[in-house]
Amino acid sequence: MKQRILIIDDDSDLCRLLRNNLEQEGYFVCVRHDGAAGLEELRSADYQLVVLDIMLPLKNGYEVLAEIREKSFVPVLMLTARDSEGDKVSGLRMGADDYLTKPFANSEFLARVSSLLRRYTVFNAANAAGKTITAGRLSIDESGREVRKDGVLLELTAKEFDMLLFFAENPGKVFTKKQIYRAVWKEEYAFDDNNVMVHVRRLRKKIEDDPENPKYILTVWGVGYKMGGEVG
């Protein structure tokens, strides 16, 4: 069965190019040109990836992303013509899994798409018979890709779950940002420490009682991060 990708972008020429390139790679692609139509399409069918522009009519990309994250963990690759670090951080904080600034090379776009889909589908299938890891008050269900704290389900994005699972599978070990990026993003390090830091901050807000004084994801100053607490 073909993997399904939804593109939400009002640039018709770009959408045509991306659609042709993705279809040549064997994906099923649907295109919508405004935020409202994109959300309606996502509610009507199952997609494994959303490619989302920020500057959209009716609902902008941030609004669309916020609504997606209320109900879905589907990977979201954000596109924008803006070259602002603030825009990138805002998108990642709101739950985007990756980010590309226009213009970009088709090879890079396809590589990002492949990476996100691999983590979301192949990774899930490979761990279908996975285990449950207990870390303090956290319960991490590897096969169901669910995390509970004191029995209450936490809403993590796909990237946040992968990061927490990576730490939990390696308790007490200190990892550099480069090592974390390679393990979680499944691609070569792109000298993007901020991407890792943003996801750590987002993850802490969801799993820690006090994100400013974390007990699970600990900072090792000058090196990176490690998993704290008892893991079993």
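Start by selecting the hairpin of strand 6 and strand 7 in this predicted model. Between its two strands lie 2 residues, and glycine 136 in this hairpin takes a positive phi near 60°.

**Along the hairpin**

Now add strand 6 (132-135) and strand 7 (138-141) to your selection. The two run in the antiparallel sense and pair over 4 bridges. For one facing pair, show alanine 135, which stands opposite leucine 138 in strand 7.

Stay with strand 6 and display its side chains. In a regular strand, side chains alternate between the two faces of the sheet. Which residues of strand 6 are on its covered face, and which on its uncovered one? Ile133 and Ala135 make up the covered face, while Thr132 and Thr134 form the uncovered one.

**Out to the whole sheet**

Next, select strands 6, 7, 8 and 9. Together they form an open sheet of 4 strands, in the order 6-7-8-9, with antiparallel pairing. At the edges you will find strand 6 (132-135) and strand 9 (152-154), each pairing on one side only. Turn the view a little: neighbouring strands of this sheet are turned by 25° against each other on average, direction ignored. As a reminder, strands of a sheet pair through backbone hydrogen bonds, either parallel or antiparallel.

Move to the other end of the order and pick strand 8 and strand 9. These pair in the antiparallel sense over 3 bridges. Click on valine 147 and look across to leucine 154 in strand 9, which stands opposite.

**A stop at arginine 145**

Go now to the loop between strand 7 (138-141) and strand 8 (146-149), where arginine 145 lies. Is arginine 145 buried or exposed? Its relative accessible area is 15%, so arginine 145 counts as buried, the cut-off being under 20%. Show aspartate 162 as well: a polar contact of 2.7 Å joins its side chain to that of arginine 145.

**Last stop: the largest pocket**

Finally, switch on a surface and find the largest pocket, with a volume of about 330 Å³. It is lined by 16 residues, and the closest to its centre are Arg201, Arg204, Thr219, Trp221 and Tyr225. Select helix 8 (193-207), strand 11 (217-220) and strand 12 (224-227), since each supplies at least two residues of the lining. Which element gives the largest share of the lining? That is helix 8, with 5 residues. Colour the lining by class to see 8 nonpolar, 3 polar and 5 charged residues.

How values were computed: Residues numbered from 1 in each chain as written. Predicted model: local features only at pLDDT ≥ 70, side-chain atom pairs only at ≥ 80, totals over all residues. Heavy atoms only, no water. Buried < 20%, exposed > 50% of the residue type's maximum accessible area, 1.4 Å probe, protein only. Polar contact = N/O pair within 3.5 Å; in protein donor to acceptor, adjacent residues only side chain to side chain. 1 Å grid on protein atoms, 1.4 Å probe; cavity = no way out; pocket = protein on both sides within 12 Å on 5 of 7 lines; lining within 4 Å. Points joined across faces, edges and corners; volume = space filled by probe spheres on them. Nonpolar A, V, L, I, M, F, W, Y, C, P; charged D, E, K, R; others polar. Pairing = 2+ DSSP bridges. Axes fitted to C-alpha atoms, helices over the stretch in contact; angles between N-to-C directions.
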